[in-house]
Amino acid sequence: MTLPDQATAVRDAITTGRATLGIELGSTNIKACLVGPDHAPIAGGSSAWENELVDGRWTYSLDAVRSGVRAAYAALVADVEDRYGVRPTTYAGLGVSAMMHGYLAFDADGELLVPFRTWRNTSTGVAAAELSALFGHNIPLRWSIAHLYQAILDDEPHVPQIAGLTTLAGHVHRELTGRHVLGVGDASGMFPVDPATRDYDQRMLEQFGHLAAAKHPGFRVAGLLPEVLPAGAEAGRLTGSGAAWLDPTGELEPGVLVCPPEGDAGTGMVATHSVAPRTANISAGTSIFAMVVLEKPLRSTHHELDLVTTPAGDLVAMVHCNNGASELDAWAGMFGELAAAVGGSASPDDVFGALFAAALDGAPDGGGLLAYNYLAGEPITGLDAGRPLFVRTPDSRLTLANFMRTQIYGAFGTLALGMRVLHGEGVGVDSMFAHGGMFRTAGVAQRLLAAAVDAPVAVGRTAGEGGAWGIAVLAAYAGAVAGADGAGVTLADYLTEQVFADAELVVAEPDADDVAGFAAYLERYAAGLAVERAAVTSL
């Protein structure tokens, strides 16, 4: 197989084990990304999956986790072979990230006690409110500690058998390495982390211990939670059983260095060069969230804002919206069916491109239309369930352009409400980066997001790669720190000097008409929440 010089260099990096592998388990896709020594993506693979609503709770089975990760990895290996004529057997480093939060409780034998409860479940209201009041720290509904305490309050029979709690990334990492650890960013979505120690907040652990022991004498949360590790730490090595778990063909060799497992919020920060104070990023997928790295703690506690950390352990304010681009996907699928029905042959990407492009011709305020993307509950707006809605008045202007602008505005509506709270705290941002599938269509979602947050929004060449690339970069950083030349290099410096030094960014400045139009839309959006609540009650 004859290859160009650049491809030959990439092949050599693969065969000599100098490429780095990242795997991220998202809400609808599991992605694998291989990066070369220069951190550029060189191959990829993915596997689609969907959460299930079982007995009123959103879940994924652990069998689906294993089969989905294997399928994504197999697709990556096939992509490598197709591009470069070789099959990888080892890597310079490996990392796993996944959806944050949720509840994975295991017994002493490592058996799952109840089906995985994902971040999407909103049944923990009583527990979250009580813990928030106890700690003086906002505990969102989706955090692992809220799920645990709700199970205690509900006297669920599995509680006395719990020997370990982890996240989805932590579970996969333990399968690969045998170690019960988490990156500090992912850990901060299980239980509050003290930025001074970059470990679980000891005062709050003691408070929770007294609270839990009153319900279940002898119950200790500290021993259940994973060990916390910062970015750059070695979090284990790929074991023989871990290699077989990932690659049942037997080609993958054990011994690969594995970085701390992280949540999708942390890998999004890495993928957008947003780990230093006064930087921010917005990740748009099945959920949408903004991460703003703080210079100092907030003055007040706000239910709209979570306090988590970067993968290095610095304090971050997070505006997390349970609902993101899924409703856009549904509408695009329907329009794709229409295209096929009239004899067209447009690919899903072509359909998305055409619909997003149409949004640019829409009225700045959406023409009086209103859309809610609420497939699930939305804690920021006080809804414990969702009903997707499209609403218009008799005098509104129903056109494809207005409809699509409204749908994109609707995806950013709840996020904008949360960002207003941050603005009220006087939080300053020097740069805001966006990533995720919504930004693959150049110049559309980026421009409308700039209007929604009234700030410049940058998108880089890895916008569509997302967290799988981000965790691969974290694995490369761990390898660099382990080497003689990497000691003492901070994550922020590594990203600036090694990863993004020559990054090509496209920056969208907020357009004054779009900003005014979105502000008018958001006023209508906030007023129309009464309609959404009525739909939840009635339907």
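In this predicted model, Glu156 counts as buried, because its relative accessibility of 14% falls under the 20% limit. The side chain of Glu156 meets that of Arg57 in a salt bridge, with 3.9 Å from N to O. This pair links distant parts of the chain: Arg57 belongs to strand E5 (residues 57–59), while Glu156 sits in the loop between H4 and strand E8 (164–166), and the two are 99 residues apart. Unlike the buried Glu156, Arg57 is partly exposed, with a relative accessible area of 28%.

A search of the whole structure finds 17 salt bridges. Another of these joins the side chains of Arg87 and Glu251, at 3.0 Å from N to O. Here too distant parts of the chain are linked, since Arg87 is placed in the loop between helix H2 (62–84) and strand E6 (93–98), Glu251 in the loop between helix H8 (240–246) and strand E13 (262–263), with their positions 164 residues apart. Both partners count as partly exposed, Arg87 at 35% relative accessibility and Glu251 with a relative accessible area of 30%.

The side chains of Arg278 and Glu295 also meet in a salt bridge, at 3.1 Å from N to O. Arg278 lies in the loop between helix H9 (264–271) and strand E14 (279–284), and Glu295 in the loop between strand E15 (288–293) and strand E16 (306–309), so this pair ties together parts that are 17 residues apart in sequence. Arg278 is partly exposed at 25% relative accessibility, whereas Glu295, at 57%, counts as exposed because the limit for that class is over 50%. Salt bridges that share partners join Arg57, Arg117 and Glu156 into one network.

Arg117, a member of that network, is also in contact with His147. His147 lies in helix H4 (residues 144–153) and is buried, with 2% relative accessibility. Apart from neighbours within four places in sequence, the contacts of His147 are Gly102, Tyr103, Arg117, Thr118, Asn121, Thr124, Leu141 and Arg142.

Aromatic pairs come to a count of 19. One of them is formed by Tyr521 and Tyr525, with 6.0 Å centre to centre and 40° between the planes, an arrangement classed as tilted. Both residues lie in helix H16, four residues apart, about one turn of the helix. Tyr521 and Tyr525 are both buried. They belong to one aromatic cluster together with Tyr372, Tyr374, Tyr409 and Phe518.

Helix H16 (512–527) also takes part in the lining of the second largest pocket, to which it supplies at least two residues. The space in this pocket is about 530 Å³. Its lining consists of 26 residues, and the closest to the centre are Met419, His423, Val453, Asp454 and Ala455. Besides H16, at least two lining residues each come from helix H12 (400–424), strand E20 (431–435), helix H13 (445–453) and strand E21 (457–460). The most is given by H12, with five residues. By residue class, the lining of the second largest pocket divides into 20 nonpolar, three polar and three charged residues.

Key:
Residues numbered from 1 in each chain as written. Predicted model: local features only at pLDDT ≥ 70, side-chain atom pairs only at ≥ 80, totals over all residues. Heavy atoms only, no water. 1 Å grid on protein atoms, 1.4 Å probe; cavity = no way out; pocket = protein on both sides within 12 Å on 5 of 7 lines; lining within 4 Å. Points joined across faces, edges and corners; volume = space filled by probe spheres on them. Nonpolar A, V, L, I, M, F, W, Y, C, P; charged D, E, K, R; others polar. Buried < 20%, exposed > 50% of the residue type's maximum accessible area, 1.4 Å probe, protein only. Contact = heavy atoms within 4.5 Å. Salt bridge = Lys/Arg side-chain N within 4 Å of Asp/Glu carboxyl O. Phe/Tyr/Trp six-rings, centres within 6.5 Å; stacked < 30°, edge-to-face > 60°.
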